[in-house]
Amino acid sequence: MKSSHRKATATAVSLLAAAALLVPAAAPATAAAPAPGAGVGYGADRAALQQALDATVAAGVPGAVAEVRDGRGVWRGSSGTADLGSGRAAKAGDRFRAGSVTKSFTATLVLQLVAEGRVGLDDTVEERLPGVVPNGEHITVRQLLHHTSGLANYTDVLLRKPDPVRDAQRATYTPRELIALVADAPNRPAPGTVWEYSNTNYVVLGLLVEDITGRSLRHEIDRRILRPLRLSGTSFPTTAHLAGPRLHGYEWLDGRGPGAAPTDLTEFSPAAYWATGTLISTTHDLNTFYEALLDGRLLPPRLLKEMRATQPMNPERPGRSYGLGLEGNAHTCPADGPVLGHTGEVVGYQTFSFTSADGERQVTLSVNTGLTLSDAAAKAATKVLSTALCRAE
């Protein structure tokens with residue numbers, strides 16, 4: 001589920017706008033040696049980073065974790081609480097659900113298969129997966145990657161259910177059943193004419209990977225990305241469990257009024273997200289992945305160039321753009337150029353993983369509230385990103 005659907009989500013689960021929240025004490029930040037490939041020169045002020053992270057918790061999330069890589073090395077910080085039940089403090093290495101950051105992994109697999117000559121960006125869905133999507137003979141692999149296929153977003157259907165969050169928590173959908181939720185959606189734009197974020201695109205791409213390779217998407221993510229990059233904190237789960245040291249995920253399903261308590265939604269079925277948002281990871285692993293990707297270690301230059309070639313999401317509101325599984329955002333550091341990476345929102349979590357325009361600074365931030373993240377907390381999280389990535393604000 002994407003942050004652009006926050007208003008629809010709030011309506012669906014009858015959320016209140018205001019909240020009086022318990023603000024846990026901040027956990028200490030840690031410093032580490034420079035990361036391989038980290039840029040030299042500019043580095044964010046570490047005290048300012050911790051202050052911004054603390055402000056995010058103060059604005060209404062239980063806990064926040066971050067890792068920054070820049071010319072001063074690696075900074076790992078945390079603030080607030082990972083588990084409200086036990087009171088355990090958030091730690092920088094905690095695992096979390098990374099949401100739509102998964103799309104960058106899925107896109108990378110597809111582009112690796114393109115590099116191997118096993119599929120073409122301009123092949124149609126019907127050629128590869130006959131009968132799977134409506135109008136598949138006119139929808140290309142490139143359009144799926146870029147969100148210009150015209151396919152309706154299946155999560156919009158899930159959000160219209162009477163109890164959407166708890167329904168998704170117990171979901172048992174297959175990928176084809178997710179696609180079928182929008183098979184009869186009316187008045188869809190013609191493929192290639194409109195940019196429209198749709199999780200359905202990446203479910204189709206996951207099926208494409210499985211059809212071409214003859215192996216599960218989980219297997220291919222592990223074989224092609226996780227093991228080569230030694231991303232030991234990252235997994236593509238097949239059960240609802242989130243193992244190991246972790247942030248618990250919370251939502252205020254019954255409003256944020258005085259005395260309102262959040263619901264712990266850490267245990268959550270991956271069936272509602274799959275190729276579009278199932279990944280579990282850490283701040284360290286996501287920074288390592290994007291560093292390898294943008295340094296050209298996962299794709300040949302011509303396909304990395306295609307992936308990075310972003311186009312405006314909304315021409316009437318410039319600043320945000322999308323490539324092939326990558327987001328660009330010119331608002332984060334207006335003076336420095338667009339940052340590149342991906343955001344991820346699922347029940348219980350929001351994650352932001354971005355690299356500066358010059359490739360010399362990285363940040364991954366995750367907080368343990370997703371759909372009910374307040375505007376104040378979202379603004380504070382944006383401050384973490386700009387503090388980490390911008391030479392000048």
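Visitor: What sign of phi does Arg230 take just after α10?

Guide: Happy to start there, with the reminder that this is a predicted model. Arg230 comes directly after helix α10, which runs over residues 217-229. The phi of Arg230 is about 55°, so to speak of its sign, it is positive.

Visitor: Where is the kink in α10 centred?

Guide: The helix has 13 residues and spans 17 Å from its first C-alpha to its last, close to the 18 Å expected. Even with that span, α10 carries a kink of about 35°, and the residue at its centre is Arg223.

Visitor: Which helices are included in what covers the buried residues of α10?

Guide: Buried positions in α10 include Leu217, Ile221, Ile225 and Leu229. Among the elements covering the buried residues of α10 are α3 (102-115), α9 (199-213) and α11 (283-294).

Visitor: How many residues of strand β12 are buried?

Guide: Let's take the two directions in turn. Val339, Gly341, Thr343 and Glu345 point one way from β12 and are buried. Leu340, His342, Gly344 and Val346 point the other way, and they are buried too. For β12, residues 339-346, the count is eight of eight.

Visitor: Which residue of β13 is the bridge partner of Glu345?

Guide: β12 pairs with β11 in the antiparallel sense over three bridges, with Asn329 opposite Val339. With β13 (residues 349-355), β12 pairs in the antiparallel sense over seven bridges. There, the partner of Glu345 is Gln350.

Visitor: Which residue takes a positive phi in the hairpin of β12 and β13?

Guide: Two residues lie between these strands. The positive phi in this hairpin is near 95°, and the residue is Gly348.

Key
Residues numbered from 1 in each chain as written. Predicted model: local features only at pLDDT ≥ 70, side-chain atom pairs only at ≥ 80, totals over all residues. Heavy atoms only, no water. Helix = DSSP H or I, 4+ residues; strand = E, 2+ residues; numbered from the N terminus. Expected span 1.5 Å × (residues − 1). Bend = angle between axes of the 7 residues up to and from the residue. Buried < 20%, exposed > 50% of the residue type's maximum accessible area, 1.4 Å probe, protein only. Contact = heavy atoms within 4.5 Å. Pairing = 2+ DSSP bridges.
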